[in-house]
Amino acid sequence: MNMIARTFVIASIAGLLVACGGGGTNAGTGFIPTKFWFGFEAWNPNTHRNDIYLARSNGAEDRVLNNADLVGAEQPSFSLDGSLLAYYKLLGNNKAGIYVMNVDNGNATKIAEFEADQSTIFAWPIAWSRDHGRLIYIDPRGKAFVINVDGSNPLQLTPATFGVYDRSARFSPDGSKVVFERKDNEIWMSDSDGGNQVKIAGSPERDYLAPDWSPDGTRLVCVRYADLKVELFTMNPDGSNETKLPVTGRTRDINWPYWSPDGSMVVFEENENGEERTLVVVEVATGKIFRWPTDKDRHNTSWIDRP
C-alpha cells in the first residue's frame with residue numbers, strides 16, 4: 001500500500017471521515033474478525049440518504065465519507081488498498097457516468113459515460129483488478145465493460161446479441177480471467193479481453209449468483225439456490241468440486257459473497273424477515289460467523305487490505 005493511502009486509512013483525514021459508532025455480534029460462536037476494513041453503502045439517518053462508510057471488519061470505528069461529490073453516488077467500490085473509489089452517478093440529460101475518486105484528496109474523475117434515464121437503477125457492482133489498473137462495470141443494458149482506471153481502452157465483454165446480458169463480473173487475481181453471472185442465473189468465465197467465454201455452472205434446477213474469486217485464484221464462492229434453499233458454495237474455476245460453505249446459524253436471503261484478501265473469510269449480505277440488509281462475516285475454515293447489527297441498511301461491500 002502506498003504511503004498516501006495508508007496515511008488516509010489509518011489517520012482518518014480531517015474533513016473526510018465522521019465517526020458513527022458501530023459494533024456487531026459473534027452470535028455465540030467466539031469468532032470476531034479483526035483483520036482488514038470494509039467500505040460499504042448504508043442509509044445515514046443524519047443525512048437522510050445513502051452514504052459511503054468505512055469500518056473495521058468487526059464493525060468498529062464506523063465512519064462516513066464526508067464529500068459533496070459523493071451525493072448521488074451508487075454502487076461504490078473501493079480498490080483493495082482503499083486509496084481509490086469507483087461509483088456510478090446519474091448526470092441528467094439521459095446520461096450516467098462512472099467516476100473514480102482519489103479518497104485521500106477527494107478529487108473525482110469521470111472515466112466513462114453512457115445512456116441512462118433518471119429512473120435507472122444500477123443493480124450490479126463495479127469490480128477492481130487487484131493491481132488497481134482496470135475496472136469492470138455493467139451498463140444499464142446489462143453489457144459488461146472492462147476499462148482502464150484512466151478511462152482508456154474500453155472493451156465490451158458481453159456479446160452485442162439481443163437478450164444476452166451479464167451482471168456481477170469479477171477479475172481473477174492475476175487479471176487474466178473474468179467470472180460473471182449471465183442471464184438465467186448461470187456462472188460464466190472468459191478471458192479478460194472477452195475471449196473464450198464458457199458456462200461453468202447453472203441449470204434449470206439450480207441458480208448460481210454473484211461469483212467471486214479466492215485470492216489465490218483456485219476457488220470461486222457464489223450463492224446457490226436449489227431445492228428451496230439458499231446456500232453459499234465454493235467450486236473450482238471450471239465449475240467442478242462444488243462444496244457447501246458451512247455457516248453456523250442458518251441465514252435467509254443471502255447475496256454478494258466476497259472473499260477476504262487473505263482467503264480466511266467471506267463477507268455476504270443478509271436480509272432476514274424483511275429487516276434491513278446487514279453484513280455477515282464467516283470464517284471459511286470453521287463456518288463461524290460474526291453478524292453486524294441491523295441499525296443500517298448496509299450493502300455494496302468492499303474489502304480493504306490494511307491492519
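Modeller: Two strands count as paired when DSSP finds at least two bridges between them, and strand 5 and strand 6 meet that condition, since three bridges join these antiparallel strands. Please keep in mind as we go that this is a predicted model.

Biologist: Before we look at single strands, how many helices and strands does the protein chain have?

Modeller: The protein chain has one helix and 25 strands. Of its 307 residues, 52% are buried, and the chain exposes about 13000 Å², of which carbon and sulfur atoms supply 49%. When contacts between residues at least 6 apart in sequence are taken together, 46% of them join residues at least 24 apart.

Biologist: How should I read the pair you began with, and which residue of strand 6 stands opposite Glu-74?

Modeller: Opposite Glu-74 in strand 5 you will find Tyr-88 of strand 6. The two strands form a hairpin with five residues between them, and in that hairpin Gly-82 takes a positive phi near 80°. Strand 5, which covers residues 74–78, has four buried residues out of five, so the rest of the structure largely encloses it.

Biologist: Why does Ala-86 count as buried?

Modeller: A residue is called buried when its relative accessible area is under 20%, and Ala-86 counts as buried because its relative accessibility is 0%. Ala-86 belongs to strand 6, residues 84–92. Although Ala-86 and Gln-75 are 11 residues apart in sequence, their C-alpha atoms are 8.2 Å apart in space. Once its neighbours within four places in sequence are set aside, the contacts of Ala-86 include Gln-75, Tyr-99, Ile-126, Trp-128 and Leu-135.

Biologist: Is Arg-182 buried or exposed?

Modeller: Arg-182 counts as buried, because its relative accessibility is 7%. This arginine lies in strand 14, residues 177–182, and beyond its neighbours within four places in sequence it touches several residues, among them Pro-159, Tyr-165, Asp-166, Trp-188 and Gln-197.

Biologist: Turning to sheets, in what order do the four strands of the open sheet that contains strand 10 run?

Modeller: The order is 9-10-11-12, and the pairing is antiparallel. Strand 9 (127–128) and strand 12 (155–156) are the edge strands, each of them pairing on one side only. Strand 12 is held to strand 11, residues 144–148, over two antiparallel bridges, and Phe-145 stands opposite Gln-156 of strand 12.

Biologist: Which strands form the edges of the open sheet with the order 17-18-19-20?

Modeller: In that sheet of four strands, whose pairing is antiparallel, the edges are strand 17 and strand 20 (243–244), each of which pairs on one side only. At the strand 20 end, two bridges join it in the antiparallel sense to strand 19, residues 229–235, and Thr-243 of strand 20 is the bridge partner of Thr-234.

Biologist: At the other edge, how many of the seven residues of strand 17 are buried?

Modeller: Six of the seven are buried, which leaves strand 17, residues 207–213, mostly covered. Strand 17 pairs with strand 18, residues 220–226, in the antiparallel sense over five bridges, and Leu-209 stands opposite Val-223 of strand 18. These two strands form a hairpin with six residues between them, in which Gly-217 takes a positive phi near 80°.

Technical notes
Residues are numbered from 1 along each chain as its sequence is written. This is a predicted model: local features need pLDDT of at least 70, side-chain atom pairs count only at pLDDT 80 or more; totals for chains, interfaces and linings use all residues. Side-chain values use heavy atoms; hydrogens and water are left out. Buried means under 20% relative accessible area, exposed over 50%, partly exposed in between (1.4 Å probe, protein chains only). Contact means heavy atoms within 4.5 Å. Accessible areas come from the Shrake-Rupley method with a 1.4 Å probe; for residues, only the protein chains shown count as cover.
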